[in-house]
Amino acid sequence: MDCTKDYCVKDISLAPSGEKKIDWVSRFMPVLQHIRADFEGKKPFKGVRIATTLHLEMKTAFLLLTLKAAGAEVSAAASNPLSTQDDVVAALAKAGVRVYAIRGEDREQYYEFMHKALDIGPNIIIDDGADMISTLMRERGELVDGVWGASEETTTGVIRLRAMEKDGVLKFPIIAVNDSYTKYLFDNRYGTGQSTWDGILRTTNLLIAGKNVVVVGYGWCGRGIAMRAKGLGATVIVVEVDPIRALEARMDGFLVMDMKEAAKVGDIFITSTGDIKCIRGEHFKVMKDGVILANAGHFDIEIWKPDLEALAVEINQPRQNITEYRMTDGRRLYLLAEGRLVNLAAADGHPAEIMDMSFSLQAKAAEYILKDHERLEPKVYVLPRETDETVARIKLASMGIRIEELTEEQRRYLESWEHGT
């Protein structure tokens, strides 16, 4: 482990490999390239300190380097112990980002590194899951007054932050990047849909066609996972607590069951809810031999590992990122990536073209906080629709797509209430 006051990484000599990864992925992120070119010329974040807790892989690295190119002092810690790419964090350290992360770090190191990232005394925070924000509020109160605002990447994090707003404990404004159209409609649906299956397929090398795939949660992430499972030839079963989403899943052509019934027939289970104990002991007891368990939610709490461990008489690791739990009756249940985010712990996360939009929104959210923090109250906000449309238009242009424009007559017609049939 290589550590100085400015970074703590596994091996700083891995930097050249990380630099190649970042260079590769940046070629497929045209929207963020456009924003970076603008930021490099204007240096809007000169003298601004930005602390981040994100999945430290190559696409995230391009965002952090974009902020640094804009003049910011940037620090970074990992939002997940198993999503860190050690060569990428080495490249970030070499580039002058104050980065503290090692793949496989334990819980103590996770929070130690988060505190080191906070030591810069941030003006802006970019979070993924709200761990940095909640840690700041609980344990680093001396830094709160210096924070102008923060942005949050995930559904899980936004839920936590809205709870903080409801309880009246927020001390600065939050931009819910996750709630922007060009985030959740694409990142959560197409990004999670593809990358989750990427992680499962890389790890297991099993056929999906003909299997019963149980998707737990039918939010935008669950929709994407179910859609891709159907395309791979699976029979898809959705487990939901929301009656409207459950009805939507059925109308989309999927079976809908409660977890008690789905547990008996599923071959592959994927959680994407953000809630705790979605699959637990009572479900493990009735599962078939050889089922695959994977999580696409933020924390490793959806598939309840303590129950798995309590029920197992033997625990093995037949392949990397697969833990085998053998039950008393001989059945074997396979948990992928320790129940952590399978798309990042067992693969490379969302495709570059998807994270191009999400991280462009993060960059614009930081700019929004910079410009407007003095008028914003300590509440959760969504970026203006115009920001969403700007990101979408740049993305379309990069794809060589032109869209139709309203004529002045059409515009007047839509804005008028006086026209008839």
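User: At 11% relative accessibility, does Glu-367 count as buried or exposed?

Analyst: This is a predicted model: local features need pLDDT of at least 70, side-chain atom pairs count only at pLDDT 80 or more, and totals for chains, interfaces and linings use all residues. Residues are numbered from 1 along each chain as its sequence is written, and side-chain values use heavy atoms, leaving out hydrogens and water. Buried means under 20% relative accessible area, exposed over 50%, and partly exposed in between (1.4 Å probe, protein chains only). At 11% relative accessibility, Glu-367 counts as buried.

User: Which residue forms a salt bridge with Glu-367?

Analyst: A salt bridge needs a side-chain nitrogen of Lys or Arg within 4 Å of a carboxyl oxygen of Asp or Glu. Here the closest N and O atoms are 3.5 Å apart. The partner is exposed, at 61% relative accessibility. Glu-367 pairs with Lys-371.

User: What separates Glu-367 and Lys-371 along helix α15?

Analyst: Helices (H or I, at least four residues) and strands (E, at least two) are DSSP runs, numbered from the N terminus. An α-helix has 3.6 residues a turn, so residues three or four places apart point the same way. Glu-367 and Lys-371 are four residues apart in α15, so their separation is about one helical turn.

User: Which residues are joined into one network by salt bridges that share partners?

Analyst: The structure holds 34 salt bridges. Some of them share partners and form one network. Its members are Lys-5, Asp-6, Glu-73 and Arg-98.

User: How many residues apart are Glu-19 and Lys-94?

Analyst: These two form a salt bridge, with their closest N and O atoms 3.7 Å apart. Glu-19 is partly exposed at 35% relative accessibility, while Lys-94 is exposed at 55%. Glu-19 sits in helix α1 (residues 15–26) and Lys-94 in helix α4 (residues 86–94). The pair links distant parts of the chain, 75 residues apart.

User: What is the N to O distance in the salt bridge of Arg-280 and Glu-282?

Analyst: Arg-280 is partly exposed, with a relative accessible area of 29%. Glu-282 is also partly exposed, at 47%. Their side chains meet in a salt bridge, N to O, at 3.0 Å.

User: What span should the twelve residues of α3 have?

Analyst: The expected span of a helix is 1.5 Å times one less than its number of residues. The end C-alpha atoms of α3 are 16 Å apart, which agrees with the expected value. That expected span is 16 Å.

User: How many of the twelve residues of α3 are buried?

Analyst: The buried ones include Met-58, Phe-62 and Ala-69. Helix α3 is largely enclosed by the rest of the structure, because its buried residues number eleven.

User: Which residue stands opposite Leu-293 in β16?

Analyst: Two strands pair if DSSP finds at least two bridges between them. Strand β13 (residues 292–295) has two neighbours here: four bridges join β12 (residues 268–271) to β13 in parallel, and two bridges pair β13 with β16 (residues 332–336), also parallel. From β12, Phe-269 stands opposite Leu-293. From β16, the residue opposite Leu-293 is Leu-335.

User: Which residues of β13 point the other way from Ile-292 and Ala-294?

Analyst: Ile-292 and Ala-294 point one way from the strand. Both these residues and the ones facing the other way are buried. The other way point Leu-293 and Asn-295.

User: How much space lies in the largest pocket?

Analyst: On a 1 Å grid over the protein atoms alone, a cavity is a set of points where a 1.4 Å probe fits but cannot get out; a pocket is an open set with protein on both sides within 12 Å along at least five of seven lines, and lining residues have an atom within 4 Å of a point. Grid points are joined across faces, edges and corners, and a volume is the space filled by probe spheres set on the points. For the largest pocket that space is about 980 Å³.

User: How many charged residues are in the lining of the largest pocket?

Analyst: Ala, Val, Leu, Ile, Met, Phe, Trp, Tyr, Cys and Pro count as nonpolar, Asp, Glu, Lys and Arg as charged, and the others, Gly among them, as polar. The lining has 17 nonpolar and 20 polar residues. Its charged residues number 13.

User: Which element gives the most to the lining of the second largest pocket?

Analyst: This pocket holds about 330 Å³ of space. Elements giving two or more residues to its lining are α8, α15 and α16 (385–398). With seven residues, the most comes from α16.
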